[in-house]
Structure formats: C-alpha cells, structure tokens
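Subject: Structure handover and notes

Dear colleague,

Please find below the structure that I am passing on to you, together with its sequence. My notes on what was found in it follow directly underneath.

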Amino acid sequence: MKKKGCEIEAVGINYTIHTHKREQQENVPKVVLKDVNLRAKPWEILAIVGPSGAGKSSLLEILAGKVTPQSASVYVNHKPLDKAQFKKISGYVTQKDTLFPLLTVEETLTFSAKLRLRLPSTELNSRVKSLIQELGLSHVAGVRVGDDRVRGISGGERRRVSIGVEVIHEPKVLILDEPTSGLDSISALQIIDMLKAMAETQDRTIILSIHQPGFRIVKLFNSILLLANGSVLHHGSVDLLTVNLGLMGLVLPTHVNVVEFAIESIEAIKQAHSMQQETQSQLPSIPPYKRLEEGETRTGRCTLQQLFQQSKVMDEESIYAEIDFQDWFH
Ligand SMILES: Nc1ncnc2c1ncn2[C@@H]1O[C@H](COP(=O)(O)OP(=O)(O)OP(=O)(O)O)[C@@H](O)[C@H]1O
C-alpha cells in the first residue's frame with residue numbers, strides 16, 4: 001500500500017502587525033513576514049532558523065492556524081487548506097509547556113487522549129501506554145509533571161510530555177516552536193532524534209523552529225528555512241546552504257556548523273543580496289527573476305542573487321544543472 005503523508009506548501013505569506021507605543025498617538029505598522037514561501041514534505045523535518053525576532057514563531061502560528069496573516073495561500077497535498085480539517089490532522093507544540101503540574105505523565109496523556117480521541121477505555125489506555133514508550137517516558141510514567149515551583153520531571157521530559165499531548169491523535173503534521181529551548185545539548189539532540197523517528201516511521205511532516213542547533217542536530221534536518229527580518233534568505237537543504245554561502249564568498253570555518261554560521265552572517269548575506277540587486281539593475285540583458293516551477297529548469301546566465309532566490313524552490317540536483325557559473329568570476 002502506498003504510504004500517505006501531507007505536503008504543506010505556503011505561498012506569499014505577508015503579515016504586518018500594528019503596535020502601539022505610549023509616546024505615539026497612532027498605531028505603528030511592523031512588517032513581521034514578507035513574501036514568505038515554504039514547502040514541507042512528509043517524512044521530513046523542516047527547520048525554521050534565524051536570529052531572535054526574525055519571525056519564526058509568527059510563521060509557525062500562521063501555519064498552525066492560530067494567527068491570520070493579511071495574505072497567504074496554504075495548500076495541503078496541493079489542495080487549499082481547510083482550517084477545521086487541518087486542526088484534526090495537525091498538532092502544535094508551543095514554546096512554553098502548558099501542562100498541569102500536579103498530574104503525572106500518564107494522567108496528563110490520558111487526559112489529552114480523552115479530550116481528543118473517542119475510544120473505549122481499554123484502547124485509550126493502550127494508546128497512552130504505547131505513546132509513553134515511544135516518548136521514552138516509561139521510567140517517569142507515574143511521576144508528576146511539576147513546574148518551576150513544584151518539583152517534577154526534568155525539562156527534557158516535560159518537553160516530551162508536551163509533544164505527547166499534541167501527538168496523541170496521531171497527526172500527520174506536527175508544528176513545534178523551539179522544542180529544544182532551555183535544554184542541554186544531549187536532551188536537545190534526543191528530542192530531535194525522537195522527532196526524526198516520528199517523521200520517518202509515521203509518515204509525519206515536521207516543521208519546527210530552533211535556536212543554535214548543534215552539528216548533530218543539523219544533520220537530522222532535511223530542509224532549512226533561514227529567516228531574517230521576516231524575509232526568507234534560504235530554503236533548501238543544509239548542503240545547498242553551504243554551497244550558496246560559498247558562492248557569496250562566505251567560507252564556512254572549521255568546527256562551526258553551517259546554520260550557526262549563516263545566522264552569524266545574516267548582514268553579509270543581505271549585503272551580498274543588495275550588491276547583486278544593484279548589479280542586476282545595471283545589466284539589462286539579464287532577464288528578471290522568475291520563480292521556477294516544479295520540474296522546470298533554467299538555462300543560460302544567472303546572477304548570484306537569482307541563484308540564491310532559486311534555492312528557495314530548487315534542490316541540489318537542479319541547481320547545478322544548467323547555470324553558467326563563469327559569469328560570476330569574471
Ligand atoms: N503580537 C505582537 N505584538 C508585538 N510585536 C509582535 C507581535 N507578534 C510578533 N511581534 C514582533 O514581530 C517580530 C517577530 O516575532 P517572532 O516572535 O515571530 O520572532 P522569533 O523569530 O520567533 O523570535 P524569537 O526567536 O526571539 O522567539 C518581533 O519583532 C516581535 O517583537
């Protein structure tokens with residue numbers, strides 16, 4: 001039987017908020033997201049990265065249907081998103097754990113199961129037990145969750161419980177805001193490892209945001225979306241990010257992972273973009289950038305800026321296909 005999954009595609013997300021500052025009479029508009037496009041595939045992890053304030057949480061909130069932007073077209077398996085339907089097939093784990101501190105791990109998941117599933121109690125209990133095992137929480141099943149004031153399970157275990165609450169109904173899409181925030185590197189890796197297994201074994205599409213992922217975590221991501229000031233600077237594989245940075249003259253230092261390096265180099269990337277835009281405007285022979293469609297390839301010349309934009313929709317195979325690299329170096 002063919003495996004089923006959910007491909008998510010978002011096109012043209014624009015989101016502006018109006019903030020009110022005490023000293024100002026009027027609301028001040030702030031662009032949070034600007035023309036954001038993304039694609040997330042089943043069995044894969046798409047990681048949204050970028051400096052603080054880049055718009056990561058806002059983007060996830062929009063994808064999870066919690067916030068409505070001014071414009072966006074979201075498709076699930078090439079069909080326009082139906083919010084009510086999407087709620088049933090997705091889970092959204094917020095950055096902060098919102099759990100009842102006095103309930104045990106098992107009670108917490110049972111409570112969530114009763115709310116979300118209409119199953120006879122024996123089936124419900126067995127679902128909870130198998131999920132506890134999958135989450136690696138068997139050793140603390142009977143321990144209360146706790147919080148900052150009430151001693152309970154560890155921070156990493158609490159994150160797992162939060163994920164468990166959102167996957168009890170076996171959603172095809174899982175959206176997580178900073179699932180590793182506040183965790184040590186080992187616990188963070190264990191969480192991403194668990195999510196990777198959830199993506200690969202359960203046909204799940206995982207979209208998460210993350211701050212400063214370590215080397216071993218970065219290796220587990222299938223795709224990266226680099227955001228800065230609400231704009232996408234890269235959308236594609238980790239290897240493609242390394243290639244693109246290299247083309248901009250940004251050579252990855254040894255012992256620094258590419259995501260960390262890209263975030264540190266945001267200003268240089270933006271500068272390279274604007275230099276390319278300038279060059280482009282002075283070269284009328286270069287055709288204006290046109291977004292490539294699936295399966296379409298481009299022939300002839302291409303500026304660095306165009307290449308970088310193309311990386312939002314192309315994968316490694318096609319990027320090397322028919323681009324004349326010589327132009328950039330002469
Ligand atoms: N409801 C809001 N009110 C005021 N400002 C907001 C609101 N929502 C988003 N913003 C602003 O929009 C920008 C993006 O915020 P967002 O939380 O999405 O960024 P982020 O990349 O997730 O940041 P962090 O990594 O620090 O969590 C920030 O400048 C933030 O202050």
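Throughout these notes a residue is called buried if 20 or more other C-beta atoms lie within 10 Å of its own, exposed if 12 or fewer do, and partly exposed in between, the C-beta atoms being placed from the backbone. Please keep in mind that this is a predicted model, in which local features need pLDDT of at least 70 and side-chain atom pairs count only at pLDDT 80 or more, while totals for chains, interfaces and linings use all residues. Residues are numbered from 1 along each chain as its sequence is written.

Two loop residues come first. N77, in the loop between β4 (71–76) and β5 (79–80), has a positive phi of about 50° although it is not a glycine, and with 12 other C-beta atoms within 10 Å it is exposed. D203, found in the loop between α6 and β8 (205–209), likewise is a residue other than glycine with a positive phi, near 50°, but it has 15 C-beta neighbours inside 10 Å and therefore counts as partly exposed.

As for the chain as a whole, it holds twelve helices and ten strands (DSSP runs numbered from the N terminus, H or I of at least four residues for helices and E of at least two for strands). Of its 330 residues, 35% count as buried. Taking two residues to be in contact if their C-beta atoms, placed from the backbone, lie within 7 Å, residues 24 or more positions apart account for 69% of the contacts with a separation of 6 or more.

Helix α5 (residues 155–167) has 13 residues, which at 1.5 Å a residue should span 18 Å (1.5 Å times one less than the number of residues), and this agrees with the 19 Å between its end C-alpha atoms. Ten of the 13 residues are buried, so α5 is largely enclosed by the rest of the structure; among the buried ones are E157, R158, R159 and R160. Their cover includes β6 (90–93), α3, α4, β7 (173–176) and α6 (185–201).

The axes of α5 and α6 (lines fitted to C-alpha atoms over the stretch in contact, with angles from 0 to 180 degrees between N-to-C directions) come within 10 Å and cross at roughly 20°. The two helices are therefore roughly parallel to each other (angles under 35 degrees count as such, over 145 as roughly antiparallel, 65 to 115 as roughly perpendicular and the rest as oblique). In this pair G156, R159 and R160 of α5 meet S187, Q190 and I191 of α6.

Helix α3 (residues 105–116) and helix α4 (residues 121–134) pack at an angle of about 130°, with their axes 10 Å apart, which makes α3 oblique to α4. Their contact is made by V105, E106, L109, T110, A113 and K114 of α3 and by L124, R127, V128, L131 and I132 of α4.

Finally, I224 lies in strand β9 (residues 223–228) and, with 25 C-beta neighbours inside 10 Å, counts as buried. I224 and L46 are 178 residues apart in sequence but 5.7 Å apart in space, C-alpha to C-alpha. Leaving aside residues up to four places away in sequence, I224 touches A47, V49, H234, V238, L241 and V259.

With best regards
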